[in-house]
Amino acid sequence: MATDSWALAVDEQEAAAESLSNLHLKEEKIKPDANGTVVKTNANEEKTDEEEKEDRAAQSLLNKLIRSNLVDNTNQVEVLQRDPSSPLYSVKSFLELRLKPQLLQGVYAMGFNRPSKIQENALPLMLAEPSQNLIAQSQSGTGKTAAFVLAMLSQVEPANKYPQCLCLSPTYELALQTGKVIEQMGKFYPELKLAYAVRGNKLERGQKISEQIVIGTPGTVLDWCSKLKFIDPKKIKVFVLDEADVMIATQGHQDQSIRIQRMLPRNCQMLLFSATFEDSVWQFAQKVVPDPNIIKLKREEETLDTIKQYYVLCSNRDEKFQALCNLYGAITIAQAMIFCHTRKTASWLAAELSKEGHQVALLSGEMMVEQRAAVIERFREGKEKVLVTTNVCARGIDVEQVSVVINFDLPVDKDGNPDNETYLHRIGRTGRFGKRGLAVNMVDSKHSMNILNRIQEHFNKKIERLDTDDLDEIEKIAN
Ligand SMILES: Nc1ncnc2c1ncn2[C@@H]1O[C@H](COP(=O)(O)OP(=O)(O)OP(=O)(O)O)[C@@H](O)[C@H]1O
């Protein structure tokens with residue numbers, strides 16, 4: 001009885017955490033057509049962009065769904081070795097890792113010709129004998145998942161029919177994405193099997209898992225290791241904690257992960273990956289990864305150097321819309337993203353532009369993650385030239401070909417102060433897309449003029465006035 005109610009509590013806790021992370025998935029109140037253009041409003045529409053809870057798990061999933069290749073990064077990888085006197089290995093090819101031939105074949109079949117920057121250092125460290133622990137941080141898309149999947153696959157003994165590698169993911173959907181990478185990379189290794197320890201995956205009581213790799217969410221994994229005993233944690237050789245930053249943002253996951261880690265043998269290899277490294281992540285990492293080696297790759301810096309910045313003075317929302325229509329021909333020479341402060345404004349704007357006969361896409365926090373991914377994919381393919389969105393929804397998404405950014409509303413934080421970081425992220429370019437860009441800021445009040453001035457001062461870069469009634473000026477900015 002006691003154990004059953006405990007299991008129920010774990011289930012409920014996990015359900016609560018998952019439903020939190022799927023908040024947007026369930027609010028399926030918007031029904032975009034195939035183009036993602038149809039607009040419908042709902043009860044949440046008055047929320048400002050900043051009030052929307054940043055849903056890190058959904059964002060992380062979105063990034064995975066839209067990512068098709070590595071994110072470039074020209075920064076140096078920082079490596080902090082547990083034993084600074086031991087030689088530091090890095091590899092420039094997968095061949096140097098002496099992988100099993102089936103794995104090498106899997107890696108090449110995925111189109112990987114050489115290790116990514118983070119993989120150059122992380123792979124030799126993770127495959128070294130005796131095994132070493134690792135904490136690694138680098139932004140999304142730099143090859144972390146591929147790295148730990150390769151480390152797990154390399155260390156599994158296929159003849160042993162019990163779990164040897166255990167990987168924790170923050171949500172069911174993220175676990176499935178990692179599972180797909182395991183399946184792809186292990187394609188030529190048919191005797192290797194994978195089990196998903198996720199809510200809803202019910203097994204017979206008393207059953208033992210024969211799959212060598214288990215990937216799951218903390219609540220279910222904890223259940224499977226302790227109460228249900230489907231997994232013998234003492235036989236785990238490699239423990240991976242993926243998306244540590246998303247993990248700790250989800251209620252209950254941090255404690256469950258620590259409880260699982262405590263059941264593992266002392267010599268189990270502990271690996272932790274995170275896209276960001278704020279203090280809370282670092283503290284958690286140190287709790288679950290003893291004596292770690294640490295690898296960090298800083299984000300590429302963004303700059304406003306190659307961007308022409310303008311502002312348009314209007315007196316209300318309708319005038320901003322008119323100014324946008326005047327600019328429309330000029331901005332659609334390239335692809336443009338238009339940022340609004342609220343879902344309501346974004347919906348209204350997309351609808352108004354559609355009424356004018358313009359084909360625009362709308363990316364809204366109310367859409368399911370898969371729908372959002374489909375909208376971004378269409379936009380990337382150039383099926384629409386203009387994407388209207390709110391900031392939270394577009395955070396962290398790089399659409400390389402976008403060279404025009406319109407701030408229909410200027411970015412402000414929850415206290416109404418300029419959000420310089422978001423301004424830079426919306427408009428700035430990293431070294432890798434060092435192309436010229438154009439940014440137009442719509443200003444419609446004294447307050448927004450003040451925000452613009454403060455942004456200008458912060459970056460010490462002139463933002464010039466643009467008169468959208470002057471066709472010559474518009475022509476000038478388009479070239
Ligand atoms: N060595 C490589 N060569 C080419 N492509 C790679 C390599 N490693 C990974 N990729 C690809 O780059 C993309 C990003 O890799 P991966 O998902 O491993 O990054 P990540 O840092 O884990 O990002 P995220 O946290 O968003 O999952 C994927 O499409 C993956 O297939």
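# Two domains and their contacts

Reader: How many salt bridges does the rule find across the interface of domain 1 and domain 2?
Author: The model is a predicted one. A salt bridge requires a side-chain nitrogen of Lys or Arg within 4 Å of a carboxyl oxygen of Asp or Glu. Across the interface of domain 1 and domain 2, the number of pairs that satisfy this rule is zero.

Reader: What is the count of residue pairs in polar contact between domain 1 and domain 2?
Author: Polar contacts are a separate matter from salt bridges, and they rest on N or O atoms within 3.5 Å. With both residues required to be at pLDDT 80 or more, the count between domain 1 and domain 2 is again zero.

Reader: Which class of residue supplies six members to the side of domain 1 that touches domain 2?
Author: On that side of domain 1, one residue is charged and three are polar. The remaining class, with six residues, is nonpolar.

Reader: How far apart are the C-alpha centres of the two domains?
Author: Domain 1 covers residues 55–297, and domain 2 covers residues 307–478. At the interface, 10 residues of domain 1 are in contact with 13 residues of domain 2. The C-alpha centres of domain 1 and domain 2 are separated by 38 Å.

Reader: Which three residues supply 54% of the area that domain 1 buries against domain 2?
Author: The area buried between the two domains is about 1000 Å², and carbon and sulfur atoms give 61% of it. On the side of domain 1, one group of three supplies more than any other three residues. These residues are Q59, L62 and I66.

Reader: Why does the salt bridge between D245 and R56 tie together parts that are far apart in sequence, and how many residues separate them?
Author: The rule gives 13 salt bridges. In one of them, the side chains of D245 and R56 meet at 3.6 Å, N to O. D245 belongs to helix α9 (residues 244–249) and R56 to helix α3 (residues 56–66), so the parts that the pair ties together are apart in sequence by 189 residues.

Reader: Which side chain has an N or O atom 2.5 Å from an oxygen atom of the ligand?
Author: There are 19 residues around the ligand, and among those that come nearest are R114, S140, G141 and T145. A nitrogen atom of the ligand is 2.9 Å from an N or O atom in the side chain of Q119, and an oxygen atom of the ligand is 3.1 Å from a polar backbone atom of T142. The side chain at 2.5 Å from a ligand oxygen is that of K64.

Reader: Which residue offers the backbone oxygen that the side chain of S154 reaches?
Author: S154 is placed in helix α6, residues 144–155. Beyond its neighbours within four places in sequence, S154 is in contact with L99, K100, L103 and L127. At 2.7 Å, the side chain of S154 reaches the backbone oxygen of L150.

Reader: Is the peptide bond from E129 to P130 cis or trans?
Author: P130 is placed in the loop between α5 (117–127) and β2 (133–138). The omega angle of the bond from E129 to P130 is near -10°, and the bond is cis.

Definitions and conventions: Residues numbered from 1 in each chain as written. Predicted model: local features only at pLDDT ≥ 70, side-chain atom pairs only at ≥ 80, totals over all residues. Heavy atoms only, no water. Domains from an automatic or database assignment. Contact = heavy atoms within 4.5 Å. Buried area = accessible area lost by both parts, 1.4 Å probe. Polar contact = N/O pair within 3.5 Å; in protein donor to acceptor, adjacent residues only side chain to side chain. Nonpolar A, V, L, I, M, F, W, Y, C, P; charged D, E, K, R; others polar. Helix = DSSP H or I, 4+ residues; strand = E, 2+ residues; numbered from the N terminus. Near = heavy atom within 4 Å.
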